[in-house]
Amino acid sequence: MVIVAAVDRSERAPAVLDQAATLADQFGESLHVIHVMTRSEAIDAETTGISKDEGVEISELRAVAAGVVTDLLEDHPVSVETTEIGRIGDPADEIIEYAEDHDARYIVVGPRRRSQTGKMLFGSVAQSILLNTNRPVVSVLG
């Protein structure tokens, strides 16, 4: 089993990482830190990072997404061994799929604080994960 920490580029990411590292240490599990770029973010990365004559492999885009995790770990190191994962797609779907594929003990997320109307209109990655996974989810408010 593993602990999956789902991080983004927000100020909540270090708190998510800390909580996930604590769980990994307590349970003797490995820590997998995942960042998922949406398709629109991937398209932006693709168009700004290459010339128009070149194509970009999906593995290159996943490496860009994993770079968010690498940067976070450089700025905020943890005491447990980590695996850095980058994915492209719908963040909630990709995180749930990854957690299921790796038999995650917990998924650790950091939801944004939103009004009730904001949640209804725009949804939330953390909310989607909570509603659509059969894995325990730890929500870190910070």
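**Cores, a pocket and one ring pair in a predicted model**

At 14% relative accessibility, R87 counts as buried, since the cut-off for that label is under 20%. The setting here is a predicted model, and R87 has its place in strand β3, which covers residues 82–88. Leaving aside residues up to four places away in sequence, R87 touches a run of neighbours made up of I34, H35, V36 and M37, and also R62, A65, E94, E97 and Y98. So much for one arginine; the overall layout comes next.

The protein chain is built from six helices and five strands. Reading from the N terminus, the elements go β-α-β-α-α-β-α-β-α-α-β. The chain has 142 residues, and 42% of them count as buried. As for contacts between residues at least 6 apart in sequence, 78% join residues that are at least 24 apart.

On to the packing. In soluble globular proteins, nonpolar side chains tend to be buried together. In this model, the largest nonpolar core holds 18 residues, and I3, V7, L31, V33 and V108 are the ones with the most contacts inside it. Two or more residues of this core come from each of β1 (2–6), α1 (13–27), β2 (30–37) and α3 (58–75). Helix α1 gives the largest share, namely seven residues. V33, one of the residues with the most contacts inside the core, touches A5, V7, L17, V69, T82, T83, E84 and I85, again not counting residues up to four places away in sequence. Another core lies apart from this one; it has 16 residues, including A6, A92, Y98 and I129. Y98 thus turns up twice, as a member of that second core and as a residue touched by R87.

Then there is the open space. The largest pocket comes out at a volume of about 480 Å³. Its lining takes in 23 residues, with D8, R12, P91, R112 and V125 lying nearest the centre. By type, the lining residues split into 12 nonpolar, five polar and six charged. At least two lining residues are supplied by each of α1, β2, α4 (91–101) and α6 (125–132). The largest share is from α6, with three residues. Helix α1 and strand β2 therefore appear in two roles, giving two or more residues to the largest core and at least two to the lining of the largest pocket, as elements defined by their DSSP runs.

Aromatic pairing is quickly covered, with one pair in the structure. The ring centres of F27 and Y106 sit 5.7 Å apart and the planes meet at 40°, so the pair is tilted. The two partners come from distant parts of the chain, 79 residues apart: F27 belongs to helix α1, and Y106 to strand β4 (residues 104–109). F27 is partly exposed, at a relative accessible area of 37%. Y106 is partly exposed too, with 22%, which puts Y106 outside the buried class because that class ends at 20%.

One backbone detail rounds things off. D103 has a phi near 50°, a positive value in a residue that is not glycine. This aspartate is found in the loop between α4 and β4. With a relative accessible area of 37%, D103 is partly exposed.

How values were computed. Residues are numbered from 1 along each chain as its sequence is written. This is a predicted model: local features need pLDDT of at least 70, side-chain atom pairs count only at pLDDT 80 or more; totals for chains, interfaces and linings use all residues. Side-chain values use heavy atoms; hydrogens and water are left out. A nonpolar core is a set of buried Ala, Val, Leu, Ile, Met, Phe, Trp, Tyr and Cys residues joined through side-chain atoms within 4.5 Å. Buried means under 20% relative accessible area, exposed over 50%, partly exposed in between (1.4 Å probe, protein chains only). Helices (H or I, at least four residues) and strands (E, at least two) are DSSP runs, numbered from the N terminus. Contact means heavy atoms within 4.5 Å. On a 1 Å grid over the protein atoms alone, a cavity is a set of points where a 1.4 Å probe fits but cannot get out, and a pocket is an open set with protein on both sides within 12 Å along at least five of seven lines; lining residues have an atom within 4 Å of a point. Grid points are joined across faces, edges and corners, and a volume is the space filled by probe spheres set on the points. Ala, Val, Leu, Ile, Met, Phe, Trp, Tyr, Cys and Pro count as nonpolar, Asp, Glu, Lys and Arg as charged, and the others, Gly among them, as polar. Rings of Phe, Tyr and Trp (its six-membered ring) pair if their centres lie within 6.5 Å; planes under 30 degrees apart count as stacked, over 60 as edge-to-face and the rest as tilted.
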